[in-house]
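Open the model in your viewer and keep the selection panel at hand. This tour gives one selection at a time and says what is there.

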Amino acid sequence: MQFKGREEVTEFDQQHFQAEGLFAQNSSQGHKEYQDRLRAIHLRKEGLQKAAIADALGRSERFVAKWWQKEVKEIPRPWGVHEYLTKDMGRNNHGVGQTNGATMTEDSVQDTATWWRDVEVKRKFADDPGIYDEILQNTEWKANNARTRDFATGAYHLKYDQRGNIRWEGHQAGKYRQGLSPATDKVLQKLFVEYGIADRTSGIITNWYPDGQGYLGSHRHDCWTALFSFGHERILTIDNTPLLMQDGDLCIFGTQRHGVPVMPEISEGRITLVVFFYPNNMQKKGMWQTITDPETMAPSAPLGRMLHDEQLNLEHEKEMMAPQWEQELSALQQLGFSPSDAWTALRTAAGDADAAAELLLLSGAVPSSAAEVEEKQRGGRFQKRLHATSSSMSPPTPGPVPGTSSTSTELPPTEASEKGSASIGSGGQSDGWQKPDEELAMRLSLMQVWVSWMGCRGDILRSFHHGMLLALRLRRLDGFMDSCRQPSHGSYLSWIWWLQLCDKTLAVKVPVLGCFSKPCWLQSIRVGIDETNSVSGLAKVGLYLSDGSWALGPSETLAVPTSLSDHAWLAFPLRGHDKELRTLQEVDHVWLVLNTDQSVKLTYENANSLEEATRYVSEDFAEAFALTRQWEQESGRQWGGHFRNLRMQMDLGDVSILPGSLPLILEAPHGGRIYTGWPQRSSGVLTSDQNTDVFAEALWSELGLRCGRFPRAVILRVKRQGVDANRATGTTSTPGGEDCSTQSNGECCCDLPDAGDQQVAMELNDVYHSLLADEVAAASDALLVAVHATGRHRVEVGVRLSATDLNQGAGEHPPSLQQHDSDSSLRALGGATELVWGSSSLGHYLKTNRPSMEVVPSPTLRCPDDAVCPGSSYSSLFMGGHNLKIHVSNTQAGIQLELPQVMRGYGSSPPMVEPAAVKQVAAALASFLNAHYQETCETDVNFGLSCSHGEALQGVCVCDQGYVGETCGSCAEGYLLVGATCQRLVIISPPAEVTQKYGSAFVTTSSGKKYLYTRKFATDLEQCGAPGCRPLNLSVRIRCDSDQCHNDVDGAAYTMGGAVYDAAGQQLCNGTISRTAQAETDWWLQIPLHSCPVLQESQPDHGAVYLSIWTSKLVKVRWEQHPSATSISRGLQYKTELFQQDPTAHSSDGLVDAVPPSQLPSWKDLPCTSASSCSSDDSCDCISGCTCRSWSGDFYGLMATLSMQPV
């Protein structure tokens, strides 16, 4: 079948046709969350107690307590639930309910909870094969136009194709009336009696699908639906779930989205008869029978299985808990926190129950939310954390940290806290959310505040190799101790806070070593927040190089945390393709900068001198930061007679670790971008997997939203030319003496000409694999997904089975991979045949979400050999590399994902992956996790995609006519926002692709006469239709209006006016606009026109218009170089003083906005035969047309356009 342009295959066995009764709807996670909230209210009103409602819903009593006493209008709308679904069912003034034909009666119910109903299937309810022919022959069929809905109001709007034509539905529609089919009348009477809806329905409709090409797009109604199917069997999709309906079948459902996809192989017809109705109270009581038993309200079998699976997950988690934390866990649960929340907080707080409780409250996890507040910042010898310090650049002698070794290369976890509300945004995400709660997921998508407890000092270790700085790393931060507050032994450290910080940029000087010969990758910037801060303002950070040039940012905006129990770090995670930091010399410094929009309290330390003090300048938050800034020359912060230095840090490293707790680890070893200082290897593949780093980051974010918690990710930032991190460590041989030709892919990571370069590259490769191994060990049994690139136009799923293995297995009868089960990188999850080719394989989910893309191996293309598996475009494939080989096991599954260029945004500048591809791959991984890891991720490929004026299709918005943009929120070219909609414009303009030049538009002639530049345009008003068009804007192409782009133009502000005249010389309307000069060149200046009359094709004076402009200062504008004779612009001259008192000239400001209509010269259409001009004031009238715009004997036409709106 084909649905929304996608080709899909669905197999139905005999059990499908025997399935009859009530079935739970397959709504999205947002709809499910919203329904359960409404159900809690509904069941409370039915007299049930809290515990019984919790059992009925399969939710905790805490969940019920949060919602059951509220009114429906108080229930917030989760992500993905359209606004009109939160209103009462029934008709409104936006058109909701106007088209369904259902009738409201006194006992009808229409509250918000009534929108949803479980699906009921009655096989052979109408058992008369003659019904199809009776309805077909006796109905008047006609086509209907296609419509779409406003997600806020539910109102319907017509849909248009790309040429502006109205779209039509892919089927024929009719109305059913009594007597049209006697057999159908009997069936309807049976329906009315059994369901008691005889007096609540009218206007029954029919839809005829002549063959398999007939279709009906996915849509929803504003009431409940009883749908009969007559004729040939066809698929009905309900919430994206296919139901094959045969002749005489009945399906009853609520307001679920439903549609009929194309089935090209079908040549016979099918008719649906649709009855719309509103439920009564008794029907409403039974609308959720799949959730509970209607008699006892006990959980049904499907719910019982769901609760059993959830309990198994909790038992698994308890087995992993340290026995010594059992009392603390019990105490936190008694406070109302869930076991998952309590375990997460205890693990983060190292078993301290008080600290864990404080973390839970600080994170916003009031006893019904769950948050795992853990961030890992590690990087071994290639990870650096640098901070501002008042000491010299020579590091102090490192000492032991309590509980750790002084030589440890691993930085500790740092606690994190999510603060603020969803209205304060950041694109960063925190990991570890244990429940797939969409509200929490959406908050995380908008904001992230990472807070880690701050230590007294951070000692920097230096490691040199062959004279080159390899690494800096920060000693472990163990949190504040009392000694930090009371410095002893003459320590310079003194903690204070400063309140009056607002609309100022603070700059902190931070020493940096080793980021010149080999640039570093910037991971994050931190700023110290005082515990007494009570203002949740907004903050952003950036970075300047030592010469004052702007190098990074600004970062995303975060909310400053409040109500802290101690001083804390606010960390700004930095992601994207442009975080490479190269200093101006090997031993150098940078300036970390911070700006906030409100006065917040920060932590400082004493500085010995101005040289060490924080600098500051006054800058508005919205416009910070300047492109260059000489910070050494700015003022230093002082307090109480002492210079102060703001506590700031930055993390640098060649490997990025993105934290998470989902059973999924992403790795991108070939997407690095740093190449300076990394010599090219002598052998092996040198080209990078372009944009796989950005794709992995985007996938990390998208999965965090879908699953409520984030995967882990490991990304190498060094380009593949210098080190191949998907290979064994070695050059031509490994350190153990094995020849690299025996290794995966027949090579090692680091075959470089210079021995010193070899050592550096091998150490980085070891670090990368050590970090990846740590993540694999920490996320026990998680799925490892290696993100790679392929030049082939298809997706390849590597599972450590070769092309030969797949070809051989596909050629068996039946196809089987059983003999390769032990070789598969998915062997930890089960047999290879199902996991590689089955309905729960990743290949299946990828093909489902992107049906136009070839996916191998998958159920539709099992192998790469076209002779065995027809349809394969290439005979080979990537089976999965070294990292998959060494990091998977009998308990650890892994996959290598090879993505084609189109999905990765190959060649894009700046690098930008295809947004739809991210959603498609994320949805596929979410489905795989749900199937094999018992997760509850959102699998709808369009999850989180809100198309304001369009339709979500395979992860991308397909915009309605006149709309463009990622969410269809902008007007397309040729359309203008009028009210809340984009309306089509009719444009009068010069011909496309004309030759242009720029020249002056003067204010006056040498004799002091004013200029009015005019160009004639023929008007083709056919596009306006009979009602005509109304002029809106006159636009002029400006070349330059400031001294920054032309020395003839000054930088003063100015006014430009415009007017429209008809063919008879009568002024129709005019307008002005005041402008400040700008440095840009070549742009359209729009002059709004006021009170313009409607132009109609039938009016004789509207066969042509004259567009005229004037200016209050000289500007450079664009002119058409070779216009037609009638399009040559004239510089009409007039004497201002003659019109100062003329009320039609609007001259009170000393400028003539437009020449009065009576003064427009009658010779305006005479041809220009020479480039003559007026010789004196006496040779021309008060308004003269003897000057045609020209240079060197050539005439020119003003580049101007007129935008009109069809009435």
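Two strands count as paired if DSSP finds at least two bridges between them. Keep that in mind for the first stop. The model is a predicted one.

**Stop 1: a four-stranded sheet**

Select residues 234-238, which are strand E12. Then add 258-260, strand E15. These two pair in the antiparallel sense over two bridges. Click on Ile-238: opposite this residue, in E15, stands His-258.

Now add residues 241-245, strand E13. E12 and E13 are antiparallel too, with five bridges between them. Ile-238 has a bridge partner here as well, Thr-241 in E13. The hairpin of E12 and E13 has two residues between the strands, and Asp-239 in this hairpin takes a positive phi near 50°.

Add 216-219, strand E10, to complete the picture. The four strands form an open sheet in the order E10-E15-E12-E13, with antiparallel pairing. E10 and E13 are the edge strands, each pairing on one side only. On average, neighbouring strands of this sheet are turned by 20° against each other, direction ignored.

Is E12 mostly covered or mostly open? Mostly covered: five of its five residues are buried. Colour its two faces separately. Arg-234, Leu-236 and Ile-238 are on one side, Ile-235 and Thr-237 on the other, and all are buried.

**Stop 2: two crossing helices**

Select 131-138 for helix H5 and 182-195 for helix H6. Their axes come within 8 Å and cross at roughly 115°. The two helices are therefore roughly perpendicular to each other. Show side chains at the crossing. From H5, Ile-131, Glu-134 and Ile-135 meet Pro-182, Ala-183, Thr-184 and Val-187 of H6. By class, the contact has five nonpolar residues, one polar and one charged.

**Stop 3: the seven-stranded sheet**

Move on to the strands E38 to E44. Seven strands make an open sheet, ordered E38-E40-E39-E41-E44-E42-E43, and the pairing is mixed. Find the edges at 655-658 (E38) and 855-856 (E43). Each edge strand has a single partner, so one side of each is left without a neighbour in the sheet.

Zoom in on E39 (664-668) and E41 (783-789). These strands run parallel and are joined by four bridges. Which residue of E41 is the bridge partner of Ile-665? Leu-784 is.

Next, select 692-707, helix H14. H14 packs on the sheet and touches E38, E39, E40, E41 and E44. Its direction makes about 160° with that of E39.

Stay on H14 and check its length. At 1.5 Å a residue, its 16 residues should span 22 Å, and the end C-alpha atoms are 22 Å apart, which agrees. Of those 16 residues, 15 are buried, so H14 is largely enclosed by the rest of the structure. Just after H14, Gly-708 takes a positive phi of about 80°.

Then select 842-849, helix H18. H18 lies across E42, E43 and E44, and runs at about 165° to E42.

**Stop 4: Arg-717**

Select Arg-717, in the loop between E40 and H15. Is Arg-717 buried or exposed? Buried, with a relative accessible area of 2%; the cut-off for buried is under 20%. Show its contacts. Beyond four places in sequence, Arg-717 touches residues including Trp-521, Asp-654, Ser-656, Arg-673, Asp-693 and Glu-697.

**Stop 5: Gln-759**

Go to 755-778, helix H15, and pick Gln-759. Gln-759 is partly exposed, with a relative accessible area of 30%. Add Gly-730: the two residues are 29 apart in sequence and 9.0 Å apart in space, C-alpha to C-alpha.

**Stop 6: Tyr-616**

Finish at strand E33, residues 615-618, which holds Tyr-616. Tyr-616 is partly exposed, at 23% relative accessible area. Trp-631 lies 15 residues from Tyr-616 along the chain, and their C-alpha atoms are separated by 7.9 Å. Trp-631 is also among the residues that Tyr-616 touches beyond four places in sequence. Others on that list include Lys-504, Thr-505, Leu-506, Glu-634 and Arg-637.

How values were computed
Residues are numbered from 1 along each chain as its sequence is written. This is a predicted model: local features need pLDDT of at least 70, side-chain atom pairs count only at pLDDT 80 or more; totals for chains, interfaces and linings use all residues. Side-chain values use heavy atoms; hydrogens and water are left out. Contact means heavy atoms within 4.5 Å. Axes are lines fitted to C-alpha atoms, for helices over the stretch in contact, and angles run from 0 to 180 degrees between N-to-C directions. The expected span of a helix is 1.5 Å times one less than its number of residues. Buried means under 20% relative accessible area, exposed over 50%, partly exposed in between (1.4 Å probe, protein chains only). Angles under 35 degrees count as roughly parallel, over 145 as roughly antiparallel, 65 to 115 as roughly perpendicular and the rest as oblique. Ala, Val, Leu, Ile, Met, Phe, Trp, Tyr, Cys and Pro count as nonpolar, Asp, Glu, Lys and Arg as charged, and the others, Gly among them, as polar.
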